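Me: I would like to learn how to read salt bridges, burial and overall fold from a model. Could we go through them one by one?

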Amino acid sequence: MAIRPVVITGEPVLHQRAQPVEVIDDDVRTLVADMFETMDAARGVGLAAPQVGVGLRVFTWQLANDDGIPARGVVINPYLTSSKPLAGEPDPHDEVEGCLSVPGESFPLRRGEAATLTGLDVDGTEIRYEATGWFARMLQHEYDHLNGFLYVDRLGGKWARKAKKAVKANGWGTPGHTWMPGEDRDPFGHDDDTPEDERID
């Protein structure tokens with residue numbers, strides 16, 4: 001296993017649709033192991049393969065839930081459906097997201113309260129999960145990554161403007177920017193005691 005650099009917004013792999021995994025072979029299993037290692041070092045709750053520069057439809061997670069879903073898992077070639085977000089502006093305290101590929105920034109975004117995930121695990125076994133709340137939010141966030149979207153692409157109004165200013169201020173938006181979990185300063189200021197629901201995907 002190895003920790004891989006996390007690519008930052010502006011890297012092309014983050015902004016294009018990821019390709020399906022055709023065969024779950026040793027290369028894919030190594031990718032998954034490395035993604036878990038990277039996610040843990042970054043203290044994230046989820047990580048998609050494009051975030052480590054690999055354009056494949058894979059994401060991992062580490063998030064406790066009340067839905068009976070394993071708190072730690074991986075999905076390969078997922079398909080996700082979700083409920084529509086409620087109308088209105090997102091709560092600037094209770095609906096805030098962050099992303100390891102937009103490090104150190106957080107903005108409010110409203111998402112659907114429920115989601116259904118299907119796909120394959122690393123052994124090729126079919127999985128199906130019904131998720132609610134923050135777990136459903138995490139699934140939507142990671143699935144977006146596989147379709148070439150970051151959460152900041154979904155922001156509206158003043159939050160979209162603030163995100164664009166933050167990207168520009170940090171010098172991102174072009175290829176070649178990365179950070180290394182476990183070596184670089186934690187951009188979100190996490191420590192080992194940070195609760196899961198305050199961690200970032």
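Me: Taking the model as predicted, which side chain meets that of R29 in a salt bridge, and what is the N to O distance?

Reply: The general idea is to look for a side-chain nitrogen of Lys or Arg within 4 Å of a carboxyl oxygen of Asp or Glu. In this predicted model, the partner of R29 is D26, and the two side chains meet at 2.9 Å, N to O. Both residues belong to helix 1, which covers residues 26–42, and they are 3 residues apart, about one turn of the helix.

Me: Are R29 and D26 buried, partly exposed or exposed?

Reply: The reading depends on relative accessible area, where under 20% is buried, over 50% is exposed, and what falls in between is partly exposed. D26, at 53%, is therefore exposed, whereas R29, at 38%, is partly exposed.

Me: Where do D186 and R43 lie, given that their side chains meet in a salt bridge?

Reply: Here it helps to consider the places of the two partners along the chain as well as the distance between them. The side chains of D186 and R43 meet at 3.8 Å, N to O. D186 is in the segment after strand 9 (178–179), while R43 is in the loop between helix 1 and strand 2 (46–48), so this pair ties together parts that are 143 residues apart in sequence. The two partners also fall into separate accessibility classes, since D186 is buried with a relative accessible area of 15% and R43 is partly exposed with 21%.

Me: How far apart are the closest N and O atoms of R111 and D144, and which parts of the chain does the pair link?

Reply: The closest N and O atoms of this salt bridge are 3.1 Å apart. The pair links distant parts of the chain, with R111 in the loop between strand 6 (106–108) and strand 7 (114–120) and D144 in helix 2 (residues 133–146), 33 residues apart. R111 is buried, because its relative accessibility is 7%, and D144 is buried as well, with a relative accessible area of 6%.

Me: Which residues are linked with R111 and D144 in a network of salt bridges, and how many salt bridges does the whole structure hold?

Reply: A single bridge is best read together with its neighbours in the list of contacts. The network that includes R111 and D144 also takes in E95, E97, R110, R137 and R154, and a search of the whole structure finds 11 salt bridges.

Me: Which residues form a positive surface patch?

Reply: For a patch, one asks about like charges that are accessible and take no part in a salt bridge. K158, R161, K162 and K165 form such a positive surface patch. One of them, K162, is placed in helix 3 (residues 157–169) and counts as partly exposed, at 43% relative accessibility.

Me: How many helices and strands does the protein have, and what pattern do they follow along the sequence?

Reply: The protein has 3 helices and 9 strands, and read along the sequence they follow the pattern β-α-β-β-β-β-β-β-β-α-α-β. Its radius of gyration is 16 Å, close to the 17 Å that the globule rule gives for 201 residues, so the protein is as compact as a globular protein of that length. The C-alpha trace spans about 45 × 35 × 35 Å along its principal axes, and 48% of the 201 residues count as buried.

Note on methods
Residues are numbered from 1 along each chain as its sequence is written. This is a predicted model: local features need pLDDT of at least 70, side-chain atom pairs count only at pLDDT 80 or more; totals for chains, interfaces and linings use all residues. Side-chain values use heavy atoms; hydrogens and water are left out. Patches are made of residues with over 30% relative accessible area and no salt bridge: like charges are joined within 9 Å, nonpolar side chains (Val, Leu, Ile, Met, Phe, Trp, Tyr) within 5 Å. Accessible areas come from the Shrake-Rupley method with a 1.4 Å probe; for residues, only the protein chains shown count as cover. Lys and Arg count as positive and Asp and Glu as negative; His and the chain ends are not counted. The place of a charge is taken as NZ of Lys, CZ of Arg, CG of Asp or CD of Glu. Helices (H or I, at least four residues) and strands (E, at least two) are DSSP runs, numbered from the N terminus. Buried means under 20% relative accessible area, exposed over 50%, partly exposed in between (1.4 Å probe, protein chains only). The radius of gyration is taken over C-alpha atoms; the globule rule is 2.2 Å times the number of residues to the power 0.38.
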